[in-house]
Amino acid sequence: MAIKPIPGEVPWEAAVISTTQWRGVPLREVLQAVGVQAEAHYVAFSSLDETQFEGETVHFGSSIALEKAFSPDVLLAYAMNDEPLAPEHGFPLRVIVPGYIGARSVKWLGEITLQEHPSTNPYQARDYKLFPPEITAQTVDWSHEKPIEDLTLNAVITTPQEGETRAAGPTRIQGYAISAEGTPVERVELSIDAGKTWTPATIVERADPYAWCFWEVIVSLLPGDCQLIVRAWDASKQTQPEDIRPLWNFKGYMNKAWHRVHIHLF
Ligand SMILES: Nc1nc2c(c(=O)[nH]1)N[C@H]1C(S)=C(S)[C@@H](COP(=O)(O)O)O[C@H]1N2
Ligand SMILES: [Mo]
């Protein structure tokens with residue numbers, strides 16, 4: 001959005017994320033119970049709800065590779081935060097694919113299919129794909145890219161919010177960071193001088209390896225306008241890109257550039 005509009009798409013901002021405690025049956029126990037034939041390479045899920053996709057009525061669906069489906073953490077979930085699944089979160093049964101984007105975690109589960117190929121459901125085959133900046137909704141060839149699966153390293157400032165006014169002086173900056181499966185967030189840093197120097201933040205709370213962690217740092221801010229920038233590093237010593245422009249895509253997905261918040265101090 002900051003680079004170019006994303007017509008007809010959701011302005012995701014930094015907020016389409018949550019953390020929940022799930023309880024359910026590991027999918028692999030069900031797969032082991034029914035048996036998996038050699039030609040099955042994908043597990044496809046289809047839901048009971050009907051949605052509109054480009055004017056067509058479809059059931060929401062997704063698929064994951066068999067290898068991921070055998071991860072002990074992929075669940076057929078029936079409880080959320082120690083309560084029965086709420087209707088809007090997929091009652092009575094939903095899939096939870098931790099480490100993957102939410103779209104793979106099919107709610108109101110209706111059917112599980114073992115198959116040779118990925119799901120042809122439009123939400124798997126025609127959506128949630130990442131294209132280079134020069135591709136638009138008009139020029140896209142959906143068969144060209146693979147579906148988005150894993151999350152990537154990212155960090156977000158949640159306090160203060162964009163445009164806030166605060167008193168100058170020591171200021172507590174807080175946010176979350178998240179990483180891809182297997183490479184935990186190792187360091188979070190804040191810059192108040194456009195990325196020239198960085199102050200390490202403290203990671204104050206880590207939950208499950210799949211979930212976000214919370215960080216905070218106190219910096220001394222002078223009166224005037226200020227840009228806060230955050231970036232994270234992961235256990236494989238990777239960090240986030242500075243520049244958002246090469247990441248722009250017409251669906252508005254996977255912005256992992258340094259997160260910037262502009263505030264005013266008096
Ligand atoms: N049946 C069904 N499952 C679905 C969806 C949907 O529209 N229908 N949306 C998906 C998307 S895009 C996301 S991000 C998550 C959201 O799950 P939540 O509502 O529990 O946060 O559900 C996924 N599963
Ligand atoms: Mo989503």
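This is a short tour of one structure, stop by stop. The model is predicted, so treat each stop as a computed picture.

**Stop 1: the ligand**

Select ligand 1 and show the residues around it. There are 13 of them, and Asp-49, His-89, Arg-94, Ser-105 and Lys-107 come nearest. What classes make up this shell? Five residues are nonpolar, four are polar and four are charged.

Now zoom in on single contacts. Start with Asp-49. One of its polar side-chain atoms lies 2.7 Å from a nitrogen atom of ligand 1. Move to His-89. Here an N or O atom of the side chain is 2.7 Å from an oxygen atom of the ligand. Then pick Ser-105, and show its backbone. A backbone N or O atom of Ser-105 sits 3.0 Å from a nitrogen atom of ligand 1. How much of the ligand does the protein bury? On its own, ligand 1 exposes 540 Å², and the protein buries 73% of that.

**Stop 2: the annotated domain at 9-122**

Colour residues 9-122. An unreviewed UniProt entry gives this span the annotation "domain: Oxidoreductase molybdopterin-binding". The span is 11% helix and 39% strand. Select the C-alpha atoms at its two ends: they lie 16 Å apart.

**Stop 3: the second largest pocket**

Select Tyr-42, Pro-118, Gln-124, Lys-146 and Pro-147. Of the 15 residues that line the second largest pocket, these lie nearest its centre. The pocket holds about 290 Å³ of space. Which helix and which strand each supply at least two lining residues? They are helix H3 (122-125) and strand E3 (56-65). Colour the lining by class, and you should find six nonpolar, five polar and four charged residues.

**Stop 4: the annotated domain at 146-264**

Switch the colour to residues 146-264. UniProt, again in an unreviewed entry, places "domain: Moybdenum cofactor oxidoreductase dimerisation" here. This stretch is 0% helix and 49% strand. Its end C-alpha atoms are 42 Å apart.

**Stop 5: two cis peptide bonds**

Most peptide bonds are trans. Look at two that are not. Select Phe-91 and Pro-92. The bond from Phe-91 to Pro-92 is cis, with omega near 5 degrees. Where does Pro-92 lie? Pro-92 is in the loop between strand E5 (83-84) and strand E6 (94-96).

Next, select Thr-159 and Pro-160. The bond joining Thr-159 to Pro-160 is also cis, and its omega is near 0 degrees. Follow the chain on from strand E8 (154-159) towards strand E9 (165-166), and you will meet Pro-160 in the loop between them.

**Stop 6: two positive phi angles**

Most residues other than glycine have a negative phi. Pick Tyr-128 for a case that goes the other way. Tyr-128 is not a glycine, yet its phi is positive, at about 50 degrees. Look for Tyr-128 in the loop between H3 and E8.

Finish at Met-254. Its phi is positive too, at about 55 degrees, although Met-254 is not a glycine. Which strands flank its loop? Met-254 lies between strand E15 (224-234) and strand E16 (259-265).

Key:
Residues numbered from 1 in each chain as written. Chains lettered and ligands numbered in written order. Predicted model: local features only at pLDDT ≥ 70, side-chain atom pairs only at ≥ 80, totals over all residues. Heavy atoms only, no water. 1 Å grid on protein atoms, 1.4 Å probe; cavity = no way out; pocket = protein on both sides within 12 Å on 5 of 7 lines; lining within 4 Å. Points joined across faces, edges and corners; volume = space filled by probe spheres on them. Helix = DSSP H or I, 4+ residues; strand = E, 2+ residues; numbered from the N terminus. Nonpolar A, V, L, I, M, F, W, Y, C, P; charged D, E, K, R; others polar. Near = heavy atom within 4 Å. Polar contact = N/O pair within 3.5 Å; in protein donor to acceptor, adjacent residues only side chain to side chain. Areas by Shrake-Rupley, 256 points an atom, 1.4 Å probe, with all protein chains shown as cover. UniProt positions renumbered as here; feature names shortened; annotations may be inferred.
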